[in-house]
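User: Please examine the following model with me. I should like to discuss its cysteines and its nonpolar core.

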Amino acid sequence: MSDSLTAGVSGSATGSATGSATDRPAGSPTGGSASGLTGGLTTGFTAASTLAGRGIRISRRNLDAVITSMMMPIMLMLVFVYFFGGAIDTGTRYVTYVVPGVLVLCAGFGAASTAVTVSEDMRRGVVDRFRTLDVGGTPFLAGHVAATVTRNALSTTLVLGAAFAIGFRPTATPGGWLAAIGLLLAWITAVSWLSAALGLVTRTAEAAGAITFFMMFLPYPSSAFVPIDTMPSWLHGFAEHQPVTPLIESMRGLLLDRPVGDSPWTALGWCAALLTLALAASHLLFRLRTR
């Protein structure tokens with residue numbers, strides 16, 4: 001643990017405690033005051049920001065894992081476009097069809113690493129030291145999630161750059177780009193929190209990597225790489241109603257300036273449901289692991 005991290009977290013916690021003790025008028029209530037609430041929120045945000053910076057620094061020391069998570073979606077895109085694209089009829093150029101699905105696949109690869117880093121911190125007892133600095137479970141996990149979102153933003157940019165290089169030409173309006181980016185960020189945040197909760201369940205990094213495999217697998221039985229009507233009939237029900245399909249259809253429509261219907265709202269509903277589940281589960285699991 002670096003001295004700067006300890007100083008940053010402990011300084012924010014100590015500063016908040018000192019300020020609340022010295023600045024509070026005599027005889028005023030201590031439990032529910034607005035200043036106490038604001039100070040607590042500020043301290044939590046500062047701790048989460050510091051821990052997010054720690055997560056990014058750790059990523060720089062594990063470049064092999066970062067490069068793998070960034071390059072794998074690009075390699076899969078190249079494989080599908082150049083090996084299989086000529087045999088798949090999507091009604092448009094295959095690279096145009098497949099890029100939105102690859103962006104969602106990239107988000108799954110990046111989010112899965114959150115479970116590994118959370119599991120490692122829990123196994124090594126790092127979280128115990130954070131707790132002595134009055135850093136709770138929410139800032140601890142939020143720091144991991146923020147670092148994941150930052151890494152995912154970089155990997156998504158690389159995937160888009162590679163897609164443009166091989167012929168992807170979106171026709172989205174500025175509003176369409178903003179909507180597509182917002183949907184992708186919502187999905188990344190939701191699955192990153194879910195991955196963090198799963199990291200609290202596992203005891204080893206290997207198990208954490210294995211348990212998050214489903215997040216990387218979900219885009220395959222969807223409309224990401226082939227139209228759903230080309231799949232076996234028994235798979236249609238799952239492919240049409242799983243979380244990833246409305247997200248991919250929304251991004252495809254937004255990036256190509258086509259009608260999207262109610263797919264964006266369905267995608268946002270899935271993101272909200274997964275995020276709510278993940279937040280509740282992570283709060284409970286953190287308390288169970290640290291009691």
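User: Is Cys-106 buried or exposed in this model?

Analyst: The model is a predicted one. Residues count as buried under 20% relative accessible area. Cys-106 has a relative accessibility of 0%, and therefore Cys-106 is buried.

User: Is Cys-271 buried or exposed, and how many disulfides does the structure hold?

Analyst: With a relative accessible area of 5%, Cys-271 is buried. A disulfide requires two cysteine sulfur atoms within 2.5 Å. The number of disulfides in the structure is zero.

User: Which helix gives the most residues to the largest nonpolar core?

Analyst: This core has 60 residues, and Met-77, Leu-103, Val-104, Phe-168, Trp-187 and Phe-225 touch the most other members. Among the elements that give two or more residues to the core are helix H3 (63-84), helix H6 (137-165) and helix H7 (174-201). The element that gives the most, with 16 residues, is H4.

User: Why does Leu-103 count as buried?

Analyst: Leu-103 lies in helix H4. Beyond four places in sequence, its contacts are Thr-156, Val-159, Leu-160, Leu-184, Met-251 and Leu-255. Leu-103 counts as buried because its relative accessible area is 2%.

User: How many Å apart in space are Leu-103 and Ala-224, C-alpha to C-alpha?

Analyst: In sequence, Leu-103 and Ala-224 are separated by 121 residues. In space, their C-alpha to C-alpha distance is 9.5 Å.

User: Which residues does Phe-168 touch, leaving out those up to four places away in sequence?

Analyst: Phe-168 is one of the core residues that touch the most other members. With sequence neighbours up to four places away left out, Phe-168 touches Val-95, Thr-96, Val-99, Leu-160, Ala-163, Leu-255 and Leu-256.

Terms used
Residues are numbered from 1 along each chain as its sequence is written. This is a predicted model: local features need pLDDT of at least 70, side-chain atom pairs count only at pLDDT 80 or more; totals for chains, interfaces and linings use all residues. Side-chain values use heavy atoms; hydrogens and water are left out. A nonpolar core is a set of buried Ala, Val, Leu, Ile, Met, Phe, Trp, Tyr and Cys residues joined through side-chain atoms within 4.5 Å. Buried means under 20% relative accessible area, exposed over 50%, partly exposed in between (1.4 Å probe, protein chains only). Helices (H or I, at least four residues) and strands (E, at least two) are DSSP runs, numbered from the N terminus. Contact means heavy atoms within 4.5 Å.
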